[in-house]
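Welcome to this tour! Please open your viewer, load the model, and keep the selection box handy.

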Amino acid sequence: MGDSRIGPESSKLRVAVTQIEPEWLDLQASIRKTCKYIAEAAQNGAKLVSFAEASIPGYPAWIWTRPLDPVLSTQYIKNSLVVDSAEMRTVQECAAKHGIVVSLGFSENDHNSLYIAQAIIDTDGQILMKRRKLKPTHMERTIFGDASGNSLMNVVETGIGRRVGALACWEHAQPLLKYHTLHQREEIHCAAWPPIVPHQGGPDLWSLSKEGRRDVPIPSRSYAIESQTFVLHSTTVITEKGIQAMSTKDGLLMSSPGGGASAVFGCDGRLLTAPLEPAEEGIVYADIEFDQAVFARSFLDVCGHYSRPDLLWLGADTRERKLKIEHPREAESTPRMA
C-alpha cells in the first residue's frame, strides 16, 4: 500500500458522507457494517468518510417515547463502544488498510457510563481526536453524560493535508462552541446527526425536523456559511427494523421509516450533493475545491479580518476534569525529634 498522505498543495478532494441504518443494539454487527462502508468509500476514491451521531450501535430513539426502559438501556450500554477495545482497533485497522480518514460517531462506553462521542481516525489508523458531546440534548440526558473541557479541542491536522473538525447534532446551535471550533481553523467539518424526519405540523419543534436541519440554512448549512468550511452532514436511517427494536411506533420522533438526509454543503452554504431517499442506505460523494474556501474567506472570516477582538472575545477552559486528583503530601517542615 502506497503513502496515502496528501500534501496541502492539493486543492481538490473527494469526501464521502454515509447514510446508513445502524445495526441496532449490536456492537459486533455495527463494527462490520462500519468497516464495509469505510472500504466502499475508499474504493470510490474518497479520502475522508463521515458517520452519523451514535452510528454505533444506533441512536437510542426510545428516549423520545418513554423516559425509562431498563431492558433497552442495559442492552444499549453493553453494545456501546469502548475506545480502548478490539472493536475500535478493528475500525482503526480498516481506516489504515484503505488509507482514508474516518470521522466516527458512536455511543462511548466508559466503565458503563455512556457519552455521545466522535473520533477522527487518520489514514494510518491513529486516533487523532476523540471528543464527547458537551451537553446531551433534552431526553438524551437520561442515557448520556456530559463532556469535559478537553472535548473543546475538536479540530486536527490529518494525513490528507487538511484540518478536520467535528460537532454533534444540536451543538451546531451553540454559538460559543461553534466559535471555539472555528477558531481552530478547520477546513472540513463533520456534522453528525441522528435520523431526521419531516415535521408533522404539530406542536413539536420544527427545528428538530428535516426541514429545520437540512432543507433550509440551519444549522449545518449556516455553519458552512459562518465558517467557510465544507460541511459533511451525516444522518442515519431508521426502518421498521429499528422501530420494532426500540418500540417507537407510537412515539413523537423516529416512529416511522425514514430519517436519511445526508449531504455535503459547500463553504458558502450551497448544496453539493443530490439526496438519497429518506429510507435509502448509501453514500453521497462530493469533490470539493479548496480554492473556493479561500475566496469565500476573503469576504467573511469571523476569526480573522471580520472580527473585533478588541470588543468581543471568547474564554475557554480546555482542561479535562478528573474525578480524583492526587496531591502529594508536603514534606514536614520541622525536623523530627530523635
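## A walk around the chain

Start with the surface of the whole protein chain: about 16,000 Å² is exposed, and carbon and sulfur atoms supply 54% of that area. Keep in mind as you look that this is a predicted model.

**The overall view.** Switch to a cartoon display. The secondary structure of the protein chain comes to eight helices and 11 strands. The radius of gyration is 21 Å, close to the 20 Å that the globule rule gives for 338 residues, so the chain is as compact as a globular protein of that length. Turn the C-alpha trace along its principal axes, and you will find that the trace spans about 85 × 55 × 50 Å.

How much of the chain is buried? Buried residues make up 54% of the 338 residues. Now think about contacts between residues with a separation of 6 or more: 70% of these involve residues 24 or more positions apart.

Next, colour the charges. The protein chain has 36 positive and 41 negative charges, and their mean positions are 2 Å apart.

**First stop: Thr34.** Select residues 27–43 to light up helix α1, then pick out Thr34 within this helix. Is Thr34 buried or exposed? Thr34 counts as buried because its relative accessibility is 1%. Show the side chains around Thr34: setting aside neighbours within four places in sequence, its contacts are Phe51, Ile56, Val91 and Leu104.

**Second stop: Ile56 and Pro57.** One of those contacts of Thr34, Ile56, leads straight to the next sight. Select Ile56 and Pro57 together and look at the peptide bond from Ile56 to Pro57, which is cis, with omega near -5°. Most peptide bonds are trans. Pro57 sits in the loop between β2 (48–50) and α2 (70–78).

**Third stop: two positive phi values.** Most residues other than glycine have a negative phi. Select Gln228, where phi is near 60°, a positive value in a residue other than glycine. You will find Gln228 in the loop between α6 (220–227) and β9 (230–234). Gln228 counts as buried because its relative accessibility is 3%.

Now move to Ser247, whose phi is also positive, near 50°. Ser247 belongs to the loop between α7 (240–246) and β10 (263–265). With a relative accessible area of 44%, Ser247 is partly exposed.

**Fourth stop: Thr236.** Select Thr236 in the loop between β9 and α7. Its relative accessibility is 1%, so Thr236 counts as buried. Which residues touch Thr236, apart from neighbours within four places in sequence? Show them one by one: Ile20, Pro22, Ala52, Ser55, Trp193, Pro194, Pro195, Gly259 and Gly260.

**Last stop: the cysteines.** How many disulfides are there? The count comes to zero. To see why, select Cys169 and Cys190: the closest cysteine sulfur to that of Cys169 is in Cys190, 15 Å away, which is too far for a bond. A disulfide would need the two sulfur atoms within 2.5 Å. Then add Cys267, whose closest cysteine sulfur is also in Cys190; these sulfurs are 15 Å apart, again too far for a bond.

Finally, bring back the surface and look for these residues. Cys169 is buried, with a relative accessible area of 5%, and Cys267 counts as buried at 3% relative accessibility.

Note on methods. Residues numbered from 1 in each chain as written. Predicted model: local features only at pLDDT ≥ 70, side-chain atom pairs only at ≥ 80, totals over all residues. Heavy atoms only, no water. Helix = DSSP H or I, 4+ residues; strand = E, 2+ residues; numbered from the N terminus. Rg over C-alpha atoms; globule rule 2.2 N^0.38 Å. Buried < 20%, exposed > 50% of the residue type's maximum accessible area, 1.4 Å probe, protein only. Contact = heavy atoms within 4.5 Å. Areas by Shrake-Rupley, 256 points an atom, 1.4 Å probe, with all protein chains shown as cover. Lys, Arg positive; Asp, Glu negative; His and termini not counted. Charge placed at Lys NZ, Arg CZ, Asp CG, Glu CD.
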